Amino acid sequence: MDDLETRELRYFVAVAEELHFGRAAGRLGIAQPPLSRAIARLERRLGVRLLDRDRRGVALTDAGGVLLREAGAALDAVAAAARRTRRAGDPKRPLVLATKAGASHEVLRQLLDTVAGEPEAPPIEILLCEVGEQAQLLRDGHADVALMHHPYDDLAGFDSEDLCVEGQVAIVPAGHPLASRAELTLADVQDVPDLPIARWPRLDGSYPDGPGPEVRTQSQLAQLVALGRTLLVIPASSRAWQWPEHVAVPVVDAPEVTTVIAWPPSSRSLAVASLVGVAAGMIMSAT
């Protein structure tokens, strides 16, 4: 069997996501008949039915569901390869470092200051993102390296170097009784009736059960805390973004968080290796 072509995969993904040949054709900018023929050829080549078609519409078969997942990953990998290739062909381009906005602020500042003093170090472009987005930015080639946090971020498949270990704090509204405490425990913050703990999405995008609000961005979270609607527990260094309406209280029994610098294992970039070396040396000399 011949190898699958990216065009075929794009066609199939469009139909599988739209579950409608007309809408998929419009999305792809082609006529419907050649799209239908292309899907039929793909099914013949694979020897399986990918889509069930009847008067009620279009539905994915089990085999089609598998191909949808695999095709998405394959197309993402092709797009990432193209981005990395274009970036590697530009010797003057800066390295892109992805990091959560407000997280590891001191580590990032020290890293940038250290790099600025190294004549051979590459220039750095900072790509600020929301919680949990660094892994995808690395995988799709939009970032070269990232500051991430174990055990919360998705480090699967990446190489990494530990930079520092820190405790966690609870960010609570300034007017709440918890704000006057010198320290807290996890039990103190888990079941506060008037201040339910905020719920971040898991790595798969789902939310844990609980009464607290579902949040996706730090700006949402900051305002909800200021309004007295929620609290959260975060690495101590992330308090850099806290508002005057917030108070940070150490949570003495919260798991420690390790800040790491991570990069794709396939990287052969001397600039990435140089930056990782600078980061590791900076932290080692500071500890």
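Two strands are said to pair if DSSP finds at least two bridges between them. With that in mind, let me begin with strand β7, residues 168-173, in this predicted model: six bridges join β7 to β9, and the two strands run antiparallel. If you would like one of these bridges to look for, take V172, whose bridge partner in β9 is V247.

These two strands belong to an open sheet of three strands, which has the order β8-β7-β9 and antiparallel pairing. Because β8 and β9, the latter spanning 246-251, stand at the edges with a single partner strand each, one side of each is left without a neighbour in the sheet. On average, and with direction ignored, neighbouring strands of this sheet are turned by 35° against each other.

Let me turn to the other sheet I want to show, which is also open and is formed by five strands in the order β4-β3-β5-β10-β6, with mixed pairing. Its edge strands are β4, at 124-129, and β6, at 159-166, each of which pairs on one side only. Here the average turn between neighbouring strands, direction again ignored, is 25°. Within this sheet, strand β3, residues 95-100, pairs with β4 in the parallel sense over six bridges, and V96 has E125 in β4 as its bridge partner. Helix α5, residues 105-116, packs on the sheet and touches β3, β4, β5 and β6, while the direction of α5 makes about 165° with that of β4.

What about the packing between helices? Helix α1, residues 6-18, and helix α3, residues 32-46, pack at an angle of about 110°, and their axes lie 10 Å apart. Since angles of 65 to 115 degrees count as roughly perpendicular, α1 and α3 are therefore roughly perpendicular to each other. On the α1 side the contact involves E8, Y11, F12 and V15, which meet L35, A38, I39, L42 and R45 in α3; by class, the residues of this contact divide into seven nonpolar, no polar and two charged.

Finally, I come to the largest pocket, which holds about 1,200 Å³ of space. It is lined by 44 residues, and the closest to its centre are V131, Y152, W200, P201 and V233. Which element supplies the largest share of this lining? That is β8, with four residues, and α6 (134-139), α7 (186-190) and β8 (232-235) each supply at least two. Sorted by class, the lining has 23 nonpolar, 10 polar and 11 charged residues.

Conventions
Residues are numbered from 1 along each chain as its sequence is written. This is a predicted model: local features need pLDDT of at least 70, side-chain atom pairs count only at pLDDT 80 or more; totals for chains, interfaces and linings use all residues. Side-chain values use heavy atoms; hydrogens and water are left out. On a 1 Å grid over the protein atoms alone, a cavity is a set of points where a 1.4 Å probe fits but cannot get out, and a pocket is an open set with protein on both sides within 12 Å along at least five of seven lines; lining residues have an atom within 4 Å of a point. Grid points are joined across faces, edges and corners, and a volume is the space filled by probe spheres set on the points. Ala, Val, Leu, Ile, Met, Phe, Trp, Tyr, Cys and Pro count as nonpolar, Asp, Glu, Lys and Arg as charged, and the others, Gly among them, as polar. Axes are lines fitted to C-alpha atoms, for helices over the stretch in contact, and angles run from 0 to 180 degrees between N-to-C directions. Angles under 35 degrees count as roughly parallel, over 145 as roughly antiparallel, 65 to 115 as roughly perpendicular and the rest as oblique. Contact means heavy atoms within 4.5 Å.
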